[in-house]
Amino acid sequence: MLREFFLDFDRSASLAATSLQLAVENGDRKEAGSVAHRLKSSARAVGALRLGHLCAHIEAAAEGADDAGLASSLPLFYTEVTDVRKWIEAHCGERTSACGTEQRGATATRIGQHARNTGVAPHAP
């Protein structure tokens with residue numbers, strides 16, 4: 001049951017990261033704030049407090065039309081999402097195709113590449 005709880009969060013975090021990236025690329029602050037708000041609550045519920053804090057910062061930046069704050073938070077956000085998802089993968093064991101391994105793997109790779117491209121060094125959770 002706990003495994004499914006974390007895997008559900010993993011799926012939602014993956015979708016949220018993609019949605020946030022698209023919202024920012026399209027200049028849609030309202031959607032970026034909405035995505036960050038939704039992920040903030042679930043991140044805190046699973047104990048990913050740093051991710052929840054970053055989501056709160058992104059939400060506030062989006063609501064305050066702080067494009068610089070929004071842009072500066074994204075590399076940290078992607079790194080933290082990657083770290084949380086790695087923790088879930090390490091602690092939830094092998095994934096089956098029913099868990100959507102292929103999609104998560106591709107998203108994690110893209111998020112990791114973004115973090116490397118922006119020069120943000122991964123940090124320990």
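Trainee: Starting with Cys92, is that residue buried or exposed?
Mentor: Cys92 counts as buried because its relative accessible area is 8%, where buried means under 20%, exposed means over 50% and partly exposed lies in between, worked out with a 1.4 Å probe on protein chains only. Keep in mind that this is a predicted model, in which local features need pLDDT of at least 70 and side-chain atom pairs count only at pLDDT 80 or more, while totals for chains, interfaces and linings use all residues. Residues are numbered from 1 along each chain as its sequence is written, and side-chain values use heavy atoms, with hydrogens and water left out.

Trainee: And what about Cys55, buried or exposed?
Mentor: Cys55 is also buried, because its relative accessible area is 0%.

Trainee: How many disulfides turn up in the whole structure?
Mentor: The search finds zero disulfides, a disulfide being a pair of cysteine sulfur atoms within 2.5 Å.

Trainee: Cys55 is in H3, I think; which residues of that helix are buried?
Mentor: The buried residues of H3 are Leu51, Gly52, Leu54, Cys55, Ile58, Glu59, Ala61 and Ala62. Helices here are DSSP runs of H or I with at least four residues, strands are runs of E with at least two, and both are numbered from the N terminus.

Trainee: What covers those buried residues?
Mentor: The cover includes H1, helix H2 (29–45) and helix H4 (67–92), by contacts in the sense of heavy atoms within 4.5 Å.

Trainee: How far apart are the ends of H3?
Mentor: The end C-alpha atoms of H3, which runs over residues 49–63, are 21 Å apart, and this agrees with the expected span because 15 residues at 1.5 Å a residue should also give 21 Å. The expected span is 1.5 Å times one less than the number of residues.

Trainee: Then what comes just after H3?
Mentor: H3 is followed by Ala65, whose phi is positive, near 55°, although Ala65 is not a glycine. As a general point, most residues other than glycine have a negative phi. Ala65 lies in the loop between H3 and H4, and Ala65 is called partly exposed because its relative accessible area is 42%.

Trainee: Where does Lys30 sit relative to Ala65?
Mentor: Lys30 and Ala65 are 35 residues apart in sequence, and their C-alpha atoms are 9.3 Å apart in space.

Trainee: Changing topic, what does the side chain of Ser73 bind to?
Mentor: I would rather speak of contacts: the side chains of Ser73 and His57 are joined by a polar contact of 3.2 Å, and a polar atom of the Ser73 side chain lies 2.8 Å from the backbone oxygen of Gly69. A polar contact is a pair of N or O atoms within 3.5 Å, where within protein one must be able to donate a hydrogen and the other to accept it, and residues adjacent in sequence count only if both atoms are side-chain atoms. Ser73 is found in helix H4, and Ser73 is buried because its relative accessible area is 3%.

Trainee: Now Leu20 in H1: which residues does Leu20 touch?
Mentor: Not counting residues up to four places away in sequence, Leu20 touches Ala32, Val35, Ile58, Leu74, Phe77 and Tyr78. Leu20 belongs to helix H1, and Leu20 is buried because its relative accessible area is 1%.

Trainee: Which residues have the most contacts inside the largest nonpolar core?
Mentor: They are Phe9, Leu20, Leu39, Leu51, Ile58, Phe77 and Ile88, in a core of 27 residues, to which H1, H2, H3 and H4 each supply at least two. A nonpolar core is a set of buried Ala, Val, Leu, Ile, Met, Phe, Trp, Tyr and Cys residues joined through side-chain atoms within 4.5 Å.

Trainee: Last thing, how many aromatic pairs are there?
Mentor: The count comes to three. One of them is Phe5 with Phe6, edge-to-face at 5.8 Å centre to centre with 65° between the planes, and the rings of Phe77 and Tyr78, with centres 5.5 Å apart and planes at 70°, also form an edge-to-face pair. Rings of Phe, Tyr and Trp (its six-membered ring) pair if their centres lie within 6.5 Å, with planes under 30 degrees apart counted as stacked, over 60 as edge-to-face and the rest as tilted. Phe5, Phe6 and Trp87 form one aromatic cluster.
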